[in-house]
Amino acid sequence: MKKYALAMAIGLFAVANPVSSVFAAATPCEDALKALRAAEATAKPSEADKAKVSEFETKGIERCNADDDKRADDFFAQGMKILGK
């Protein structure tokens, strides 16, 4: 009986753990994109930095359209870092 209870507990933990990580997902990529664009509007980056930020924005939008919010947020965060935000 103890082995059965232990197996059930492990099984429930394995099922519940991935589900909880889905609910603790990254920021919606649309919100991160809005923040990046707002930062771009107020920042005064060099032309080279503008090009890098634009590249990260493009890659982020591509990932956002593919419903890959985590990777999109990573690209937007890299752009924000260049802008000093």
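This report walks through a helix pair, its disulfide and two single residues in a predicted model.

## How H2 and H3 pack

Let's start with the two helices. Two packed helices are described by the angle between their axes and the distance between the axes. Here, helix H2 covers residues 29-42 and helix H3 covers residues 47-65. Their axes come within 10 Å and cross at roughly 165 degrees. Angles over 145 degrees count as roughly antiparallel, so that crossing makes H2 roughly antiparallel to H3. As for its handedness, the crossing of H2 and H3 is left-handed.

Which residues of H2 and H3 meet? On the H2 side you'll find Cys-29, Glu-30, Leu-33, Leu-36, Arg-37 and Glu-40. Facing them from H3 are Val-53, Glu-57, Ile-61 and Cys-64. Sorted by class, this contact of H2 with H3 brings together six nonpolar and four charged residues, with no polar ones.

## The disulfide

Two of the residues in that contact, Cys-29 and Cys-64, are also joined by a disulfide, with 1.9 Å from S to S. The structure holds one disulfide, and this pair links distant parts of the chain: Cys-29 sits in helix H2 and Cys-64 in helix H3, 35 residues apart.

Is the disulfide of Cys-29 and Cys-64 right-handed or left-handed? The torsion about its S-S bond is about 65 degrees, so the disulfide is right-handed. Are Cys-29 and Cys-64 buried or exposed? Both cysteines are buried.

## A buried glutamate in H3

Glu-57 is worth a look of its own. This residue lies in helix H3 and has a relative accessible area of 11%. Buried means under 20%, so Glu-57 counts as buried.

What does Glu-57 touch, leaving out residues up to four places away in sequence? Its contacts are Leu-33, Leu-36, Arg-37, Glu-40 and Phe-76. Among them, Leu-33, Leu-36, Arg-37 and Glu-40 belong to the H2 side of the helix contact described above. Phe-76 falls within helix H4, which spans 69-83.

## Asp-67 in the loop

Moving on from H3, we come to Asp-67, in the loop between H3 and helix H4. Its phi is near 60 degrees, a positive value in a residue other than glycine.

Is Asp-67 buried or exposed? With a relative accessible area of 69%, Asp-67 is exposed, whereas Glu-57 back in H3 is buried.

Key
Residues are numbered from 1 along each chain as its sequence is written. This is a predicted model: local features need pLDDT of at least 70, side-chain atom pairs count only at pLDDT 80 or more; totals for chains, interfaces and linings use all residues. Side-chain values use heavy atoms; hydrogens and water are left out. Axes are lines fitted to C-alpha atoms, for helices over the stretch in contact, and angles run from 0 to 180 degrees between N-to-C directions. Helices (H or I, at least four residues) and strands (E, at least two) are DSSP runs, numbered from the N terminus. Angles under 35 degrees count as roughly parallel, over 145 as roughly antiparallel, 65 to 115 as roughly perpendicular and the rest as oblique. A crossing is left-handed if the near helix is turned anticlockwise from the far one by less than a right angle, and right-handed if clockwise. Contact means heavy atoms within 4.5 Å. Ala, Val, Leu, Ile, Met, Phe, Trp, Tyr, Cys and Pro count as nonpolar, Asp, Glu, Lys and Arg as charged, and the others, Gly among them, as polar. A disulfide is a pair of cysteine sulfur atoms within 2.5 Å. Buried means under 20% relative accessible area, exposed over 50%, partly exposed in between (1.4 Å probe, protein chains only).
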